[in-house]
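Here are some short exercises to work through with the model open beside you. Try each task before reading its solution.

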Amino acid sequence: MLDHLISEYHLHPIVDHFTIALLAVGIVAEFVAAAATIFSRSESDWLCAWSQKLRSTSLLLMIGGASAAVLSYFTGDIEADRLWDTMSPTAQQILASTDGAGRYLSRAVLGQYLMYAFLILATWRVLIEFSERLVRWRIAFLIVAAVAVSALLYQGKTGGELVYEHGVGMPGVSGSSQKDAAIPTVSDAGEQREAWASTAPGRSLPPDSAKR
């Protein structure tokens, strides 16, 4: 039932977009809030008040983003199982590489690590909010969060490669033909120009064909 819902409504890419947006914006808001605190002159300064509002916003975005990261991982795992046999060998390597250190940068393994990383970061952020003793660790939190969101953006890049370069999930495209299926040939282009010219009496071919 769940597998059908995920494949029918394409839940994985939908959740992925929320994950990236919520976490990226939340961490950027945290950095901007830290900068505003540094440049504020006093606790009553408007910059300081703005910083507190940004931190509250960041907290909510981090919690929402971490929750979305869990959904991203599990929906992605189900989609990977469903589409594995339709992927080209190159796409399979991107998704689940077995080559040494590259294994840890594969989309499946990195996705699992990122899920745990953002759950930890969201918990850390909540503790900073409610514990004065942990406020001193805010700089360490920002460093770790910057590394995690960079890895998340890389994760998004590999997802784009799977879809746009290797055709993963595209209907009617499978195996080694995935990458070449969307590339028109010279003969296809010629047929398209002739069809375009025949749609109305007196219509000439497009400018690029006239040069030939």
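The exercises below go from the whole chain to one pocket and then to one residue.

This is a predicted model, in which local features need pLDDT of at least 70, side-chain atom pairs count only at pLDDT 80 or more, and totals for chains, interfaces and linings use all residues. Residues are numbered from 1 along each chain as its sequence is written, and side-chain values use heavy atoms, with hydrogens and water left out.

**Exercise 1. Find out where the model deserves caution.**

Step 1. Start with pLDDT, the predictor's confidence in each residue, from 0 to 100. Its average over the chain is 83, and 79% of the residues score at least 70.

Step 2. Now look at residues 175-189, where pLDDT stays under 50. The model has 14 contacts for this stretch beyond four places in sequence, a contact being heavy atoms within 4.5 Å.

Step 3. Where pLDDT is low, the predicted coordinates should not be read in detail.

**Exercise 2. Describe the fold of the chain.**

Step 1. Count the elements as DSSP runs, with helices (H or I) of at least four residues and strands (E) of at least two, numbered from the N terminus. The chain has nine helices and zero strands.

Step 2. Check how far apart the contacting residues are in sequence. Of the contacts with a separation of 6 or more, 62% join residues 24 or more positions apart.

**Exercise 3. Characterise the largest pocket.**

Step 1. On a 1 Å grid over the protein atoms alone, a pocket is an open set of points where a 1.4 Å probe fits, with protein on both sides within 12 Å along at least five of seven lines; lining residues have an atom within 4 Å of a point.

Step 2. The volume, the space filled by probe spheres set on the points, is about 1,100 Å³ for the largest pocket.

Step 3. Its lining has 40 residues, with His-12, Asp-16, Gly-76, Arg-107 and Gly-159 nearest the centre. H3 gives the most to this lining, ten residues.

**Exercise 4. Is Ser-51 buried or exposed?**

Step 1. Locate Ser-51 in helix H3.

Step 2. Apply the cut-offs: buried means under 20% relative accessible area, exposed over 50%, and partly exposed in between (1.4 Å probe, protein chains only). Ser-51 has a relative accessible area of 0%, so Ser-51 is buried.

Step 3. List its partners: leaving aside residues up to four places away in sequence, Ser-51 touches Ala-33, Ala-36 and Thr-37. The C-alpha atoms of Ser-51 and Ala-36 are 5.7 Å apart, with their positions 15 residues apart along the chain.
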